[in-house]
Structure formats: structure tokens, C-alpha cells
Amino acid sequence: QVQLVESGGGLVQAGGSLRLSCAASGIIFGIKAMGWYRQVPGKQRELVAVIISGGNTNYADSVKGRFTISRGNNTNTLYLQMNSLKPEDTAVYYCNIDYFVGAVHSINYWGQGTQVTVSS
């Protein structure tokens with residue numbers, strides 16, 4: 001059974017930093033992509049950053065130059081280093097994984113979310 005355990009959220013002042021972690025377990029056939037999304041009440045969940053197998057990354061324009069997504073070496077742990085945080089970064093951050101269940105097919109799975117609050 002696949003599990004995603006997120007950690008690292010919290011309260012920080014504007015300009016500060018936080019590092020989110022997402023540990024994936026139960027993965028047998030490998031990971032296609034991992035990413036971070038965020039959601040505020042009343043709005044749609046939006047992509048923050050994603051990293052695909054092979055290491056290519058993609059970021060939302062609003063976080064480029066401030067956030068860095070990475071995976072641990074030889075691990076299924078995903079990180080999001082968030083620097084120069086702004087109040088508008090306040091949201092629930094969700095880890096997302098697209099993992100293989102065979103040679104071709106994959107399943108998409110969400111973590112439970114972790115709250116990030118940036119005070120002005």
C-alpha cells in the first residue's frame with residue numbers, strides 16, 4: 001500500500017524559509033513524477049513544482065527563483081525548499097506522486113497536505 005507522509009509545514013514570517021518533505025513508501029515499480037501543489041480555501045489546487053524521472057523540473061511562475069524541488073538520492077523522498085516566502089504563499093501544500101504499477105500504467109496519489117502560513 002502506497003503512503004505519502006508530509007512534514008515541514010508551519011508558520012513563518014515573510015522573507016523566511018521552510019523546507020517541506022514527502023516520504024513515499026510502498027512503491028514497487030518506480031516513480032514517474034512527483035510534485036507539490038497548493039490550495040487556499042475557495043480556489044483550485046494549483047501546481048507549485050514538479051520533478052519527473054530523469055530530473056527535469058517545472059515551476060509555477062509565482063515561485064520561480066524562490067522555491068527548489070528535489071528528490072533525495074536513491075530515495076523516494078521529495079523536498080521543496082521555499083525561500084523568500086510571501087504571505088501569498090500561504091496555503092495547504094500537497095505532495096503528489098505518479099507511480100508505476102507495471103511497465104506502462106501509472107497511478108496518481110495525493111498526500112494529506114501540510115499547512116504553510118506566512119505572516120506579513
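In this predicted model, the side chains of Asp 89 and Arg 38 meet in a polar contact of 3.0 Å. Asp 89 sits in the loop that leads from E8 to E9. Despite that loop position, Asp 89 counts as buried, because its relative accessibility is just 1% and the cut-off for buried is under 20%. Apart from residues within four places in sequence, its contacts are Arg 38, Arg 66, Phe 67, Ser 84, Val 116 and Val 118.

Arg 38 also turns up in the surroundings of Tyr 93. With residues up to four places away left out, Tyr 93 touches Glu 6, Leu 20, Trp 36, Tyr 37, Arg 38, Val 48, Phe 67, Leu 80, Met 82, Gly 113, Thr 114 and Val 116. Phe 67 and Val 116 are on that list, and Asp 89 touches both of them too.

Tyr 93 brings us to the nonpolar core. The largest such core is made of 30 residues, and Trp 36, Leu 80, Met 82 and Tyr 93 have the most contacts inside it. Seven strands are worth listing here as contributors of two or more residues: E3 (18-25), E4 (31-39), E5 (46-52), E7 (67-71), E8 (77-82), E9 (91-100) and E11 (114-119). E9 supplies the largest share, with 5 residues. As a general backdrop, nonpolar side chains in soluble globular proteins tend to be buried together.

Strand E8 deserves a closer look. Of its 6 residues, 5 are buried, so E8 is largely enclosed by the rest of the structure. E8 runs antiparallel to E3, and 6 bridges join the two; in this pairing Ser 21 stands opposite Tyr 79. E8 is also antiparallel to E7, this time through 5 bridges, with Thr 68 and Gln 81 as one pair of bridge partners. E7 and E8 make up a hairpin with 5 residues between the strands. In the turn of that hairpin, Asn 74 has a positive phi of about 55 degrees.

E3 and E9 are tied together as well. The structure holds 1 disulfide, formed by Cys 22 and Cys 95 with their sulfur atoms 2.1 Å apart. The bond joins distant parts of the chain, as Cys 22 lies in E3 and Cys 95 in E9, 73 residues apart. The link is left-handed, at -80 degrees about the S-S bond. Cys 22 is buried, because its relative accessible area is 0%, and Cys 95 is buried with a value of 0%.

Cys 95 has a further neighbour in Tyr 109, a residue of strand E10 (residues 106-110). Once residues within four places in sequence are set aside, Tyr 109 is in contact with Val 2, Gln 3, Leu 4, Cys 95, Asn 96, Ile 97 and Tyr 99. With Val 2 there is a polar approach too: the backbone oxygen of Val 2 lies 3.4 Å from a polar atom of the Tyr 109 side chain. Tyr 109 counts as partly exposed, because its relative accessibility of 32% falls between the 20% and 50% cut-offs. Measured off against Gln 44, the C-alpha of Tyr 109 is 17 Å away in space, with 65 residues separating the two in sequence.

Terms used:
Residues are numbered from 1 along each chain as its sequence is written. This is a predicted model: local features need pLDDT of at least 70, side-chain atom pairs count only at pLDDT 80 or more; totals for chains, interfaces and linings use all residues. Side-chain values use heavy atoms; hydrogens and water are left out. A nonpolar core is a set of buried Ala, Val, Leu, Ile, Met, Phe, Trp, Tyr and Cys residues joined through side-chain atoms within 4.5 Å. Buried means under 20% relative accessible area, exposed over 50%, partly exposed in between (1.4 Å probe, protein chains only). Helices (H or I, at least four residues) and strands (E, at least two) are DSSP runs, numbered from the N terminus. Contact means heavy atoms within 4.5 Å. A polar contact is a pair of N or O atoms within 3.5 Å; within protein, one must be able to donate a hydrogen and the other to accept it, and residues adjacent in sequence count only if both atoms are side-chain atoms. A disulfide is a pair of cysteine sulfur atoms within 2.5 Å. Two strands pair if DSSP finds at least two bridges between them.
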